[in-house]
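Good morning, colleagues. I should like to take a few minutes to go through the model now coming up on the screen, and I shall begin with a question.

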Protein chains: 2
Amino acid sequence: MAAASMVFTDCSSSTTAAARLLPFTRTTPLLLRTTQYAVVFPRRFIHPPRVLSIHSSSSSPSQLSTASIVSQTEKHEKSDTKLEIVNKRLDGKKVAEKIRGEIAEEVSRMKDAIGVVPGLAVILVGDREESATYVSKKKEACEVVGITSFEVHLPEDATEQEVLDSISGFNEDPSVHGILVQLPLTRHMDEQNVLNAVSIEKDVDGFHPLNIGCLAMRGREPFFVPCTPKGCIELLHRYDIPIKGKRAVVIGRSNIVGMPVALLLQREDATVSIVHSRTKNPEELTKQADIVIAAVGQANMVRGSWIKPGAVVIDVGINPVEDKTKRSGFRLVGDVCYKEAKEIASAITPVPGGVGPMTIAMLLTNTLISAKRIHNFQ
Amino acid sequence: MAAASMVFTDCSSSTTAAARLLPFTRTTPLLLRTTQYAVVFPRRFIHPPRVLSIHSSSSSPSQLSTASIVSQTEKHEKSDTKLEIVNKRLDGKKVAEKIRGEIAEEVSRMKDAIGVVPGLAVILVGDREESATYVSKKKEACEVVGITSFEVHLPEDATEQEVLDSISGFNEDPSVHGILVQLPLTRHMDEQNVLNAVSIEKDVDGFHPLNIGCLAMRGREPFFVPCTPKGCIELLHRYDIPIKGKRAVVIGRSNIVGMPVALLLQREDATVSIVHSRTKNPEELTKQADIVIAAVGQANMVRGSWIKPGAVVIDVGINPVEDKTKRSGFRLVGDVCYKEAKEIASAITPVPGGVGPMTIAMLLTNTLISAKRIHNFQ
């Protein structure tokens, strides 16, 4: 896929024929937001084998550039190398790379100290090309940092019980510290039932309601913070963007992003408002925000006029819009009209290259956190 | 206790000597907000016996005035008798009475149909006078509607294990459908550990993080909605005050009230902002709200100037302030300066007589809901 073009669609035409959305299903944006890396829609990608297959891979971490070792705790600790905002850009790709370096170091240290390597298990059901791609990307990311990955690939007609049995196996497996079920599942399955079956101590996606409840409650700590929201906050931390006492507006209230990121902002003492489809004047409220996090899945919805001068904008949206100039036929844009917002904001995440790369980095972080917790390793 | 005086302290002096707060502990307001009824601080109240005691009582519902039977579901269904707002007053006492009538009818119906009577167990530890009073009030309320109540009273020096054993007993007891641990516990106990021990199916206070997580997540339903937040929303419903599409500001973010009531408002499609101690301009934000819910435990903090003309104000605060004209020596005021706010708002809850009575009514409702759910009774 060619690098994202710098010619942006006129954002006022985002709902017209000039920027038609490709016919992806409603779940695609959610899928993208869950865990993915520099999204590619590989139309020529080879289909994964249509058989029950179980793969696992162990690897040594690749040689990576030396970076300051920052301990992998859920709260950001100041790095010796403070990241500067260049050209208003919150560079998720660069930050994710740094984080992967830190993780690789920690994985090595843990292996040397106690002979334990973190393990991430991914369960994939069916033949969706995008799902297969995301799983591949996660496995690659694991390999780069030295985390062992396990994959179970069940066919399209697998029963819910087969999925539950796979989960059960990984729950019991001491070499597995994180379990992820690639969504969406096939239609005949009860998604809630399946997700609930993942052991809370290994639920690296962090969507279990018990986790969310602990996130919502003061004095409680979740086992895991959901990856994409965690990535948003991590970006703010890494660029030393203050949160405490700030007005924050979250646009979107999904279980996967909007709601947990609002809880996270509140935990860090922002004054949070959640804007959603029933909000009467979203522009007016958003314009009051020092921090805007947009996660709605609507291309270019947030215009420059919505942004307070100097605000920080985190754009979670990954929306494919038709672009005949691209070999793939489409390009990705966020929920925010980048061209307009960049003029007004003090800092903004690009799409792609902003939140997306952070999501998988947080998945790796969560897997490492899990392994450390299970083995009581500091 | 004499009826609340109509002479209000000048709210600008609420932090001065003229309205000194009585020296209650920090936990008292929380206690009041958890489950209580028309608060009375009975200094001459007889101390409960300082021995391990277990009481249970069954009763037939008292004769109550006929009211429309509204099915006890968690969502309000329109009553045939719509409540009118008189003199801007959201009369919690009156609404609670109506609800108790409805509950009594349902308890009778269930008893006649399947021979099951809902049971509420309350565990009390120690000798705090207020705690003993609240437990008494809950037991009385159960008696009025025909719910069986059980009480375990453990002494001040009881061990955490003894409390856990009591909880365990009630978890297993088929005649118990709701279990409530009266807070605060004694200092040597781990409150989270104790509350976590209550079976999620009987946790009528609804504070278990699993419950809160289900409240936060779209598409999920909690087992129970926490009583005070539930009471706030029920008041809005009963007076047909629209929530969808409205701006709501919740002042306070406690686990017990602020946070869950914010989640409830969002579930009903309000656009919610949470104001708290780190908010820089709480007045400015509150003034944008169509619905204000104040739950901070600071007497008269919210002034008239904070309220948008025509807004609806729900005041959860129950703050004792010194009042030498009272036999008890104090009176109760809310978090909102009633005298000022009433001029501006379209409707407001009085203190006392607003949210307070609703809280125990919701506790009874939750107990009934639990019994119905356990016995699959419609």
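With which residue does Glu106(B) form a salt bridge? The partner is Lys372(B), and the closest N and O atoms of the two are 2.5 Å apart. Please bear in mind throughout that this is a predicted model. The two residues belong to distant parts of the chain: Glu106(B) sits in helix α2 (residues 92-114) of chain B, while Lys372(B) sits in helix α11 (residues 355-374) of chain B, and 266 residues separate them. As for their surroundings, both Glu106(B) and Lys372(B) are buried.

Let me now turn to chain A. Here Lys98(A), Glu102(A), Glu234(A) and Arg238(A) are joined into one network by salt bridges that share partners. Within that group, the side chains of Arg238(A) and Glu102(A) meet at 2.9 Å, N to O. This pair, too, links distant parts of its chain, with Arg238(A) in helix α7 (residues 227-238) and Glu102(A) in helix α2 (residues 92-114), 136 residues apart. Are Arg238(A) and Glu102(A) buried or exposed? Both are buried.

Another salt bridge of chain A brings together the side chains of Arg303(A) and Glu340(A), at 2.7 Å, N to O. Arg303(A) lies in the loop between β7 (291-294) and β8 (312-315), and Glu340(A) lies in helix α10 (residues 338-344), so this pair ties together parts that are 37 residues apart in sequence. Glu340(A) has a relative accessible area of 24% and is partly exposed, because buried means under 20% and exposed means over 50%. Over all chains, the count comes to 30 salt bridges.

Next, the chain as a whole. Chain A contains 11 helices and 11 strands. It has 378 residues, of which 61% count as buried. Among contacts in chain A with a separation of 6 or more, 75% come from residues 24 or more positions apart. The area that chain A exposes is about 15,400 Å², and carbon and sulfur atoms supply 53% of that area.

Finally, how are the two chains related? A turn of 180 degrees, with a shift of 0.0 Å along the axis, lays chain B on chain A with an RMSD of 0.0 Å. That is the relation of a two-fold axis. The same surface serves both copies, since 100% of the contact residues of chain B recur in chain A.

Thank you for your attention.

Technical notes: Residues numbered from 1 in each chain as written. Chains lettered and ligands numbered in written order. Predicted model: local features only at pLDDT ≥ 70, side-chain atom pairs only at ≥ 80, totals over all residues. Heavy atoms only, no water. Least-squares fit on C-alpha atoms with pLDDT ≥ 70 in both. Contact = heavy atoms within 4.5 Å. Salt bridge = Lys/Arg side-chain N within 4 Å of Asp/Glu carboxyl O. Helix = DSSP H or I, 4+ residues; strand = E, 2+ residues; numbered from the N terminus. Buried < 20%, exposed > 50% of the residue type's maximum accessible area, 1.4 Å probe, protein only. Areas by Shrake-Rupley, 256 points an atom, 1.4 Å probe, with all protein chains shown as cover.
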